[in-house]
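The following exercises practise the description of contacts between parts of a protein. Please study the sequence and the structure before reading each solution.

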Protein chains: 4
Amino acid sequence: MKLGMIGLGKMGSNLVLNLLDHGHEVVACDISPEAVEKMKKAGASPANTVEELVQSLEQPRIIWLMVPAGKVTDQVVDQLGGLLDSGDIVVDGGNSYYEDSMARAEKMKTRGVHFIDVGTSGGTSGAREGACFMIGGNREAFAEIEPLFQDMAVTHGYYYAGKSGSGHFLKMVHNGIEYGMMQAIAEGFEVLEKSDFDFDYEKTARVWSHGSVIRSWLMELTESAFANNPRLEGIRGVMQSSGEGLWTTQTALDLKAVAPVITLSLIMRYRSLEDDTFHGKVVAALRNEFGGHRIVKEED
Amino acid sequence: MKLGMIGLGKMGSNLVLNLLDHGHEVVACDISPEAVEKMKKAGASPANTVEELVQSLEQPRIIWLMVPAGKVTDQVVDQLGGLLDSGDIVVDGGNSYYEDSMARAEKMKTRGVHFIDVGTSGGTSGAREGACFMIGGNREAFAEIEPLFQDMAVTHGYYYAGKSGSGHFLKMVHNGIEYGMMQAIAEGFEVLEKSDFDFDYEKTARVWSHGSVIRSWLMELTESAFANNPRLEGIRGVMQSSGEGLWTTQTALDLKAVAPVITLSLIMRYRSLEDDTFHGKVVAALRNEFGGHRIVKEED
Amino acid sequence: MKLGMIGLGKMGSNLVLNLLDHGHEVVACDISPEAVEKMKKAGASPANTVEELVQSLEQPRIIWLMVPAGKVTDQVVDQLGGLLDSGDIVVDGGNSYYEDSMARAEKMKTRGVHFIDVGTSGGTSGAREGACFMIGGNREAFAEIEPLFQDMAVTHGYYYAGKSGSGHFLKMVHNGIEYGMMQAIAEGFEVLEKSDFDFDYEKTARVWSHGSVIRSWLMELTESAFANNPRLEGIRGVMQSSGEGLWTTQTALDLKAVAPVITLSLIMRYRSLEDDTFHGKVVAALRNEFGGHRIVKEED
Amino acid sequence: MKLGMIGLGKMGSNLVLNLLDHGHEVVACDISPEAVEKMKKAGASPANTVEELVQSLEQPRIIWLMVPAGKVTDQVVDQLGGLLDSGDIVVDGGNSYYEDSMARAEKMKTRGVHFIDVGTSGGTSGAREGACFMIGGNREAFAEIEPLFQDMAVTHGYYYAGKSGSGHFLKMVHNGIEYGMMQAIAEGFEVLEKSDFDFDYEKTARVWSHGSVIRSWLMELTESAFANNPRLEGIRGVMQSSGEGLWTTQTALDLKAVAPVITLSLIMRYRSLEDDTFHGKVVAALRNEFGGHRIVKEED
C-alpha cells in the first residue's frame, strides 16, 4: 500500500523502515529536514510539508501520524482537516488521550474523513521489527488498512477494539499496567539491594526471565539494564512519566474503578521528582512539636 | 543421578516425571499411598516411609523435599536429621521462609549434612516441562547436584545465588513481584470493565501478549483465563495468599526498603477476604455523626 | 445585617438559626415550602422564590447560597445573575469545586456583582452553634460581610484566604485531610477488632479523646458513635463520598503533589461500594491458571 | 503515694514533676547524675542506682519505668526481677512492644511481682500537665495504683483495658493512627504548597483548629509549627519513626486487618530517609531500555 507518515522521531522512523521492509510505499514528512533525508535514503519519498505530503498521495489517502500527543497532534490534525477529502483515512498512532481522539474523529467525520486511533506498544525495537497495535474507529476504514497492521505487527499483535477512542483507551490502560509492573519489579530489586545477601542482579533477572511466573519482556529488559550497569551506578532514581499513567489513574478514579497499585506507582514517580517534600517537613515539624524529636536541618 | 523425592503433590509429582524423562532414578515417597503408586507406575521406585526412602538410597544420598512450608517441612527435616549421614544432601524445593532454611542448614551442618534451599517457580506446568530454580547453600554440594537443575530447568532457568537462605529469599521476593504484577494486570481489566467501551478481554490479553511492553507469562495466562470464561462469571474475587507475599512485605518493612506496590497488593488481597470491614463501619458511623449522612444498613 | 439565604437543608437552616440568634435579619428561601415555613416560625422572613427573595432585600444585597454543588448551584447563580445589581454580594457557602467558583466569580464580575466562595466546616452542629469558614474572593466585599462570619463562626473560626477560589480550595483540601484522618482512625479500630484483646471501643475512643496526641473532634465523634452502638452492629461498612475527596486527589495528581494517604482513603471508599471486584476475579483466575489454586465460586 | 521512677528523660522527668505537684513522694533514678540532681532540686528523693531505689521504697513497692523500649527495658526489668518482693508492682510507662510486656509480666508473675503495661500519650507537655494512659495488667494491682492515674492524667484520660499487654497494644495502635493523621495533614499542606494560591499556613492551621471537622491537637501543633517557621525553612523533610508505626503495620498484616493508610504513612517515612532509591534507578533504567527515555545522571 501507499501511505504518508507524519512524524519521523524514534517511533515514526522505525515504523517507516518496518513498512518499507514489507514493500509499502511511504511518503515521509517531518519538520526536521534531516529526519526526512534519512528516510529518503532508506527508500521513502520525502515530503517537507504536510501540504506536499497530501499532494503526493492519491485518494483515498492514508496518513499515519506519529507526533507528540496534545498540541502538536491538534495542530497537525487541524491542518489535515483543511486538506483532505472524503474517504481519506487519518491514523493517529501516537499516545493521544482517548477523549481527544474521540473528539477529533467526530470533527473529521463532518468532512467524511475517517480517523483511526491506534495505540502502539513495543518500544522502538518493536516499531522496527514488529509492534503491538490497539485500534479504534470506523470498522470499514480499519478493514481497508488492516494489511498495514498485518505487516507491521508481530503475529497476533493487533486488535481492532471497536468504536472510536477504544484503541487509545486500551493503550492508556496498557501503560497503567506497565507502571505497576515496573514498580513491582523495581521494588523487588530494592528489597534485594537492602538485604544482607550479595545477589548478582543480572543473573537474578536472567533466571527470573526463564521459566518463572514473572517472566516478561520487562524482566528481560531488566537483565539487559543490569548487564550494562551491574549496580546502576551514576543513574538518578528519577522516574519521569509522560502522561498515560496519570490518565489511567484519573480515569480509574472517575469510573470508581479500584486501582491502588497503578495509582501508587504514579505517586511514587512523582515522589521521585523531588529531593525533599513539603509533607515531610510538616511531619518533621510536628514530631518536634509534640515529642521534642530532633529535626534534620537542611545543611545537615 | 539417583535421588529421593519426598512430597508428591502437584509440584512434586511433576518434578518426578520431569526427572524420569531425563533418565534419573527417583525414589518417590508421600504419606498418600495413591500418590506413591501413581509415581511407581510412571517409573519411580516407591517408598511409603521416609525411613524406607533413606534406606533405598546409597551414600552420599540426595533427597529433595517438596512438602508444605512450615510445620510439615520442620517435621520431615527433623526426621531426616536422625537418619542421614555425613555428606548427604537435602534439598528443600518448597516455599519455606528463608530464615527457617538458614536455621535448618545450620542444624544439618552439625551432622555434616548439606541443606540446599531452592525456590521453584513456573507453576505446575513448569515443574513438568521446565521450571525456574533459585538456589542457596553450600557451593560444593550445589555443584554435585547441578546436573539435576540442568535437566529440570528451562535453559538459563537456574541460578546459584550464594549462601544458605539466598535461594528462598529470591523466591520470596519473586512472589512479591508476582503479587504486584498480578494486581497491576487485574486493575487494568477493572478499568476496562468499568468503562463504556465493549472490550473482548481474551483478545485484549492476546494483543497485550504479542509485541507489547507488558507481554509476560502472566498476560498469556490472563488470555487463557478469559478464553475459558470470557467475563469470569461465577468466580468470586477472593484473592488468597500463601504467605510469601506477607514475608516479602514484612522483610521490606524490616529493611526499610520502600515497597508500596507489593505491600498494597497484599493488603488488597486481605481486603478481598472480607465481605465487609470494620473500618468501613467506623467511617460510615462517623459520617453520620458529623454530617447526618445516611448509613447503609446490613439488611439493605 | 440583613441577608437572604437560599437553601434551607441541614446546613442552611442551621446557619439561619445561628444568624437569627445573633440578631441578623434573614430572608429564607427554598424550593420546599415546609422548609421556608419552618424558618418563618423561627423568625426569618419567608421567600418562596428567588425573585421574591431578591425583591425583599435592599441594595447592596447580600445573598448566601447553601445549595447542592454542581448543577443546582449553577442554576441558582445563573438566575441571580439576571436579577442582581452592581454592588450586590453573592456568597456560595456550599461545597462547590473551586474552579467553578472562580468561573462564577468571573461571570458575576461582568455585572459588578461580587461572588465570595466560602467553605463551611463543622457539620450540622457547627452550622448551628459556631462553624468554621474558609473564604475567598474580593477583599472589600469580604470586609462588608465580615460581621456575619464574626457571629456565625467560633472564635478564630474564619479565615479570608485571598483571591477567588481560595475558600473552596481550602475546603476541598480540608475534606481530603478529613478522609485521611477518618480512614486512619477507622483502621486503628479495625486492628483492635481483629486482635485477641477485648477492648471497649467507647472507652478507647474516650481515653484517646482526652490528653492523647490523636485527640480530635473526629475521635470525640467516634466515642459518640460507639456510645450509640458499641460494636456498630447493623451498619454496612459502605463509605460514601460526596466529591471533595475526589477533587483533592485529582488536584494533587495534577499538581504532582504527593498525597498517597488521601488518595488511598478515597480508593478504599470506592472499594467499599462493591461487594466483589473484577480485579479480584482476575487475580483468582490467574492463581488458578498457574498454580491450580482453588477458585471460590460465587455460590460458595 | 510513694513510688520510684526509673528514667528521667523528657517524659520521665515531666511525670515526676507532675506527681510531685499532686503531693506524691517520688524516688527518682537515672544513669545520668545530672538528671537525678535536677529532680532532687524539684523535690524528689535521689537514687543513683536501681538497688538504691529499691531499698528506699517500702513493700509493697511501686516502681514506674520510663526508659527506652527494647534492650534497656529488658535490662532494667531483669535487674528488678532480682531485687523485688512478692506484691511489688512494676509499671512500664514506655513504648514497649506489647508482646514483650506480656512476656515480662509472665516472668515477673513467677516471683509474685505485678507488671503493669502503660501506654503514655500526650507528648512532653502532657506528661507535665496531664497525660493520657492506656493500661493493661492485673486488675487488683491496677486498682492499687489508680490514684496515680487520677492525678497524672487529664479528666477521662486513663483507661484500664484489661489483661496484660492491652495497654501497650492500645498505645501501639494509637501511634499507628497518629502516623496516618499526621501524614494526612501534611499531605494537605503539600497540596496547598503546590497550588497557585498564596495561603498563610499558620492562619490556615488556625482556622482548621477552630470549629472544623478536622480540628485536633495535631492541627493546633501544626499552627504552632507554622507560627515558629511560616514556610518550614531549613527543615529537611526527614520523617523519623521510633518503632510503634512499624509494629502497628506488622500486627495489622499478621491479623489480616486492612490498614493501607497507616501502612503507607510508614512507607512514606521510610522513603523520606533516602535521598534516592534503588527502585527509582531500576525504573529509570527500564524506561531507557524500552523507550530510549533519557536517564537523569547523578551528577546532573
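**Exercise 1. Determine how many salt bridges and how many polar contacts join domain 1 of chain A and domain 2 of chain A.**

Solution.

Step 1. Across the interface of domain 1 of chain A and domain 2 of chain A, the rule finds zero salt bridges. The model examined here is a predicted one.

Step 2. Polar contacts are counted next: three residue pairs are in polar contact across the interface of these two domains of chain A, both residues of each pair being at pLDDT 80 or more.

Step 3. On the side of domain 1 of chain A that touches domain 2 of chain A, strand 6 (residues 114–121) of chain A gives the largest share, three residues. By class, that side consists of three nonpolar, seven polar and no charged residues.

**Exercise 2. State where the two domains of chain A lie in the sequence, and describe the area buried between them.**

Solution.

Step 1. The domain assignment places domain 1 of chain A at 2–164 and domain 2 of chain A at 171–272. Their C-alpha centres are 30 Å apart.

Step 2. The contact involves 10 residues of domain 1 of chain A and seven residues of domain 2 of chain A.

Step 3. About 720 Å² is buried between domain 1 and domain 2 of chain A, and carbon and sulfur atoms give 63% of this area. Within domain 1 of chain A, the residues that lose the most area to domain 2 of chain A are A:Asn95, A:Tyr97 and A:Met134, which together account for 55% of what that side buries.

**Exercise 3. Describe the interface of chain A and chain B by its buried area, its polar contacts and the elements that build it.**

Solution.

Step 1. The size of an interface is often given as the accessible area lost when the parts come together. Between chain A and chain B, about 5,900 Å² is buried, with 77% given by carbon and sulfur atoms. A:Tyr159, A:Phe197 and A:Val213 supply 12% of the area that chain A buries against chain B, more than any other three residues.

Step 2. In this interface, 70 residues of chain A are in contact with 70 residues of chain B.

Step 3. The rule finds zero salt bridges between chain A and chain B, and it finds 12 residue pairs in polar contact, both residues at pLDDT 80 or more.

Step 4. Among the elements of chain A that give two or more residues to the side touching chain B are helix 5 (98–109), strand 7 (131–136), strand 8 (153–162) and helix 9 (201–208). Helix 8 of chain A gives the most to this side, with 18 residues. By class, the side of chain A that touches chain B has 37 nonpolar, 21 polar and 12 charged residues.

Step 5. Chain A is superposed on chain B by a rotation of 180° with 0.0 Å of shift along the axis, the RMSD being 0.0 Å. In chain A, A:Ser216 comes closest to this rotation axis, with its C-alpha at 1.9 Å. Because 100% of the interface residues of chain A are also interface residues in chain B, the copies meet through the same surface.

**Exercise 4. Describe the interface of chain A and chain D, and identify the relation between these two copies.**

Solution.

Step 1. The contact takes 60 residues from chain A and 60 residues from chain D. The area buried between chain A and chain D is about 5,500 Å², and carbon and sulfur atoms give 64% of it. A:Arg236, A:Phe278 and A:Phe290 supply 14% of the area that chain A buries against chain D, more than any other three residues.

Step 2. Four salt bridges are found across the interface of chain A and chain D. A:Glu274 forms a salt bridge with D:Lys194, with the closest N and O atoms 2.5 Å apart. There are also 26 residue pairs in polar contact between chain A and chain D, both residues at pLDDT 80 or more.

Step 3. Helix 13 of chain A supplies the largest share of the side that touches chain D, 13 residues. By class, this side of chain A has 24 nonpolar, 18 polar and 18 charged residues.

Step 4. A rotation of 180° with 0.0 Å of shift along its axis superposes chain A on chain D, with an RMSD of 0.1 Å. This is therefore the relation of a two-fold axis. The C-alpha of chain A nearest the axis belongs to A:Asp275, 3.3 Å from it.

Methods
Residues numbered from 1 in each chain as written. Chains lettered and ligands numbered in written order. Predicted model: local features only at pLDDT ≥ 70, side-chain atom pairs only at ≥ 80, totals over all residues. Heavy atoms only, no water. Contact = heavy atoms within 4.5 Å. Buried area = accessible area lost by both parts, 1.4 Å probe. Salt bridge = Lys/Arg side-chain N within 4 Å of Asp/Glu carboxyl O. Polar contact = N/O pair within 3.5 Å; in protein donor to acceptor, adjacent residues only side chain to side chain. Helix = DSSP H or I, 4+ residues; strand = E, 2+ residues; numbered from the N terminus. Nonpolar A, V, L, I, M, F, W, Y, C, P; charged D, E, K, R; others polar. Least-squares fit on C-alpha atoms with pLDDT ≥ 70 in both. Domains from an automatic or database assignment.
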